[in-house]
Amino acid sequence: MPKHSTRVVSRMVAGEHILVPLASRGAEIDSIFNLNETGTFIWEKIDGQRSGAAIAGLLAAEFQVSAEQAEADCTLFLAQLLEVRAIDLEVAR
Amino acid sequence: MKRSPTGFVNRLRVGPTVLAASAESRAAVAWPRRFGPFLCARGGDLEVRVRREAIPPLGNLLFESEGVWRAYAQPEDRLLLTFRVGRRIYKAALLDPDRRRGEIYFPRASRGSAAPRSALQFPLDEMLFQHRWAKDGLLEIHSCGVKDRGGVLLFTGHSGAGKSTLAKIWHAQAPSSPILSDDRVLLDPRALSGVRAFGTPWHGTGRFGSRSEGRLSALFFLEQAEATEAIRLHPAEAAARLFTRSFPPIWDLEATERVVNACGDVAERVPAFLLRFRKDGSAIDAARRAAAVA
């Protein structure tokens, strides 16, 4: 289950989220991310309880796209968030 | 500078914040002569004492600036900032959890050493303010600020973006518009009446730094170009750009949240533009037009 990392700060600004990972070196300071409407929707659904598939289902319903398209978009976005350490993955018990 | 029972006290006011630094010797708490307009006689939102003692044990490394300073964790949420000349740490500041009180450890230099005489030498003086401001949700921005037509226009950019160039152009073409700074401007978004902008003593190559202040009326992110144009930015884009031009203690979750929120607050309340500009007076006209229309 994806959940927000405790080493990232997020803020909604005029309807869109920005994400700022904490840093431990000067070279990392400019790593900051603007999320578009879809990214903001997915980010807000990440709560440590829903799976990626469940979030993709919500995405498909909200934006009226196919389940396959929503899953592909969601999987790609979660992978990007994982890469920049904005989320952690917890194994469901 | 005032004499005190234990030596000397020197006070620097930047925006709403006063730093009071004390030491046994006058030289240890001296600021450069050009800081004169920012010196004051009273107050102490931040108080530091210079000690001619050895640097304390470092603790766990929190942040490596890849420049002259590092930050280390200390017990009870205190913070140790160290400063190096070459590989040698020549001074360190130990700050309390609120970043309101601190000790500066400044061992006497050996004869012939290149170490400075004042413990407050840049960047420590500025960093003491930055850590306090981050706790209060104030933003110091790498920027040039100009007071113009009743408001402050802020031109932000990294080194080489054209802040000092623009300040010189503005000063030449509109000398009645005070320049707050050509490198560092403080923003205070806490008041309901608007975002306040304050000049600082830390200047760029144009050497502009004044105690002027005013209400922020527009933000511009600088890019030098062949033709001048101002393009409106979405507030989220502006907030992200503003954050990368601020000086947050980015290893500290709580302080970073305050800085990010301050960036968001400023970006939601003040119109922001990408300003592509040619090195002539056209930037002044474009900025004034954009601010007036917004």
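This tour visits the two largest pockets and one buried arginine in a predicted model.

**The largest pocket**

Begin with the largest pocket, whose volume is about 850 Å³. Select B:Phe122, B:Glu126, B:Gln130, B:Arg184 and B:Phe247; of the 37 lining residues, these are the closest to the pocket's centre. Next, display helix H1 of chain B, residues 124-136. This helix supplies five residues, the largest share of the lining. Colouring the lining of the largest pocket by class will show 18 nonpolar, 12 polar and seven charged residues.

**B:Arg245**

Now move to B:Arg245 in chain B, in the loop that runs between helix H3 (235-244) and helix H4 (253-269). Is this arginine buried or exposed? B:Arg245 has a relative accessible area of 11% and is therefore buried, the cut-off being under 20%. To view its surroundings, select B:Glu140, B:Ile141 and B:His142, then B:Thr156, B:Gly157 and B:His158, and lastly B:Phe221. Each of these residues is in contact with B:Arg245, with neighbours within four places in sequence left aside.

**The second largest pocket**

Finally, turn to the second largest pocket, which holds about 260 Å³ of space. Which residues line the second largest pocket? Select A:Ser5 and A:Arg7, then A:Pro21, A:Leu22, A:Ala23 and A:Ser24. Add A:Glu28, A:Ser31 and A:Phe33, and complete the lining with A:Val84, A:Arg85 and A:Asp88. By class, this lining divides into five nonpolar, three polar and four charged residues.

Note on methods. Residues are numbered from 1 along each chain as its sequence is written. Chains are lettered from A and ligands numbered from 1 in the order in which they are written. This is a predicted model: local features need pLDDT of at least 70, side-chain atom pairs count only at pLDDT 80 or more; totals for chains, interfaces and linings use all residues. Side-chain values use heavy atoms; hydrogens and water are left out. Helices (H or I, at least four residues) and strands (E, at least two) are DSSP runs, numbered from the N terminus. Buried means under 20% relative accessible area, exposed over 50%, partly exposed in between (1.4 Å probe, protein chains only). Contact means heavy atoms within 4.5 Å. On a 1 Å grid over the protein atoms alone, a cavity is a set of points where a 1.4 Å probe fits but cannot get out, and a pocket is an open set with protein on both sides within 12 Å along at least five of seven lines; lining residues have an atom within 4 Å of a point. Grid points are joined across faces, edges and corners, and a volume is the space filled by probe spheres set on the points. Ala, Val, Leu, Ile, Met, Phe, Trp, Tyr, Cys and Pro count as nonpolar, Asp, Glu, Lys and Arg as charged, and the others, Gly among them, as polar.
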